[in-house]
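I keep these notes as a record of what I looked up, one entry for each topic, with the values as they came out of the calculation.

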Amino acid sequence: MIDFDLMARLERGLARWLKRPRVDLALLAALLAVAATGLVVLYSASAEAPAQVFNQGLRLALGFAVLFVFARIAPTVFRTWTPWFYAFTVLLLVAVLVFGEGRGAHRWLDLQVVRFQPSEFAKLALPMMVAWYLHDRPLQPSWRDLAACALILAVPAALIVKQPDLGTALLVAASGVFVIFLAGMSWRRILFLAACGVAAVPLWWQFVAHEYQRNRVRMFLNPEADPLGNGWNIIQSQIAVGSGGVSGKGWLGSTQARLDFLPEHTTDFIFAVFSEEFGLIGVVAIIAVYLFIIGRGLWIAAGARDTYSRLLAGSISMTFFVYVMVNGGMIAGLMPVVGVPMPLISYGGTSAVSLLAGFGILMSIHAHRLRGR
């Protein structure tokens with residue numbers, strides 16, 4: 001027997017929910033602008049393949065749906081579930097080492113109905129866990145708290161290194177380090193830990209780094225040493241960026257991608273396609289939108305109601321900044337190639353959904369601060 005009264009209540013609840021989405025409209029508009037730009041560039045970079053653009057559109061739609069849902073959930077709920085989410089993510093990272101797949105690596109889990117990259121979840125779970133640990137402790141963190149945070153960072157980062165995916169591992173660890181930094185760590189401690197990190201580089205190079213990682217560093221320093229091999233990606237990317245000039249070649253005018261000179265032109269190097277087609281003017285415009293998103297996120301962090309929200313919002317914003325900076329530096333030849341996508345422009349579903357989920361949490365922090373609950 002159908003309970004019509006229950007259905008009517010559910011319908012009224014859904015109507016109220018849809019009327020009050022609780023999103024930051026300025027931030028949402030900027031995210032939509034970048035996502036739409038990404039679809040336009042992807043159409044060109046994929047040699048006008050509508051199926052690929054459609055698939056990415058579906059993934060972005062899922063990501064924005066997650067954003068809307070997360071924006072309505074109170075930050076206290078996220079804080080309560082943080083340890084469980086962190087543990088679940090670590091289990092997924094262990095599972096991907098056993099059952100995962102990828103080109104010469106174990107990075108993807110294929111559940112038949114969905115295929116995803118668990119390391120993308122770590123980019124969200126890790127700063128949440130560090131913020132959860134620090135939220136009710138004295139700021140600045142003691143050495144004991146720093147040691148506990150280091151352990152929280154080390155477990156998922158080490159599992160991602162084992163895949164191997166050093167670039168993602170560094171970004172995941174950085175998202176947690178930002179939380180510690182925002183917790184008020186003194187410059188003396190920051191400089192001390194930075195010096196320790198620099199001192200560990202020779203040990204990493206000698207005993208930990210894979211040969212392909214060493215080659216990436218060598219090619220970053222001198223790509224002309226192997227122009228048809230390991231230096232190919234950087235050289236072709238720089239050619240694409242430089243040939244765009246001030247105003248670019250125009251939409252669908254990228255020769256580097258369409259003639260298959262540029263590798264990974266729909267994923268990691270798609271911003272080189274954008275640079276070639278829209279030139280310096282386009283690059284400045286999209287970077288301005290990115291900076292607005294980052295600035296808006298930091299503004300929300302500054303007004304957060306509690307320590308957990310403030311640390312997490314700040315980390316989400318600064319991690320987003322690092323993504324843009326690393327990918328932009330990579331395609332311009334200013335940084336080594338580390339396989340970091342350009343946020344909301346590069347082709348990829350797990351990255352887009354996890355990124356927009358983070359912005360959903362950011363909007364939740366903003367909305368519930370205004371409403372006092």
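**Entry: the contact of α4 with α5**

I began with the residues through which these two helices meet in this predicted model. From α4 I listed F78, R79, T82, P83, F85, Y86, T89, L92, L93 and V96, and facing them from α5 I listed P118, S119, F121, A122, L124, A125, M128, M129 and W132. Sorted by class, the contact holds 15 nonpolar, three polar and one charged residues. I then looked up the geometry: the axes of helix α4, which covers residues 75–99, and helix α5, which covers residues 118–134, come within 8 Å and cross at roughly 140°. The hand of the crossing of α4 and α5 I noted as left-handed.

**Entry: the second largest pocket**

Which residues lie nearest the centre of the second largest pocket? I found F70, F78, F85, L124 and A357 there, out of a lining of 15 residues. The elements that contribute two or more residues to this lining are α3, α4, α5 and α14, the last of these spanning 349–371. Helix α4 supplies the largest share, five residues. For the volume of this pocket I wrote down about 240 Å³, and for the classes of its lining 13 nonpolar, two polar and no charged residues. I add a link back to the previous entry, since F78 and F85 of α4 and L124 of α5 also appear in the list of residues through which the two helices meet.

**Entry: the cavity**

How many cavities of 30 Å³ or more does a search of the whole structure find? It finds one, and I noted a volume of about 180 Å³ for it, under the heading of the largest cavity. The elements that give two or more residues to its lining are α5, α13, which runs over 307–331, and α14. The lining comprises 14 residues, and those that lie nearest the centre of the cavity are K123, L124, T319, S354 and L355. By class I recorded seven nonpolar, five polar and two charged residues for this lining. L124 therefore needs two remarks in my notes: L124 is among the residues nearest the centre of the second largest pocket, and L124 is also among those nearest the centre of the largest cavity.

**Entry: Q56**

Is Q56 buried or exposed? I found a relative accessibility of 3% for Q56, and because the cut-off for buried is under 20%, Q56 counts as buried. The residue sits in helix α3, which covers residues 50–72. With the neighbours within four places in sequence left aside, I listed the contacts of Q56 as L39, L42, S346, Y347, G348 and G349.

**Entry: V98**

V98 belongs to helix α4, and I looked up its accessibility as a counterpart to the entry on Q56. At 57% relative accessibility V98 counts as exposed, because the cut-off for that class is over 50%. I also took the separation of the C-alpha atoms of V98 and L109, which is 9.7 Å for two residues that stand eleven residues apart along the chain.

**Entry: G329**

G329 is placed in helix α13, and with a relative accessible area of 6% it is buried. Apart from neighbours within four places in sequence, the contacts I listed for G329 are L334 and M335. From G329 to K249 I noted 21 Å, C-alpha to C-alpha, for a pair that is 80 residues apart in sequence.

**Entry: backbone points in loops**

I closed with three backbone details. A cis peptide bond joins Q163 and P164, with omega at about -5°, and P164 lies in the loop between α6, 143–161, and α7, 166–182.

L252 has a positive phi of about 70° although it is not a glycine; the residue is found in the loop between α10, 232–244, and α11, 255–258. Its relative accessible area of 28% makes L252 partly exposed.

E264, likewise not a glycine, has a positive phi of about 45°. I located E264 in the loop between α11 and α12, the latter covering 270–302, and at 34% relative accessibility E264 counts as partly exposed.

Methods: Residues numbered from 1 in each chain as written. Predicted model: local features only at pLDDT ≥ 70, side-chain atom pairs only at ≥ 80, totals over all residues. Heavy atoms only, no water. Helix = DSSP H or I, 4+ residues; strand = E, 2+ residues; numbered from the N terminus. Buried < 20%, exposed > 50% of the residue type's maximum accessible area, 1.4 Å probe, protein only. Contact = heavy atoms within 4.5 Å. Axes fitted to C-alpha atoms, helices over the stretch in contact; angles between N-to-C directions. Left-handed = near helix turned anticlockwise from the far one by under 90°. Nonpolar A, V, L, I, M, F, W, Y, C, P; charged D, E, K, R; others polar. 1 Å grid on protein atoms, 1.4 Å probe; cavity = no way out; pocket = protein on both sides within 12 Å on 5 of 7 lines; lining within 4 Å. Points joined across faces, edges and corners; volume = space filled by probe spheres on them.
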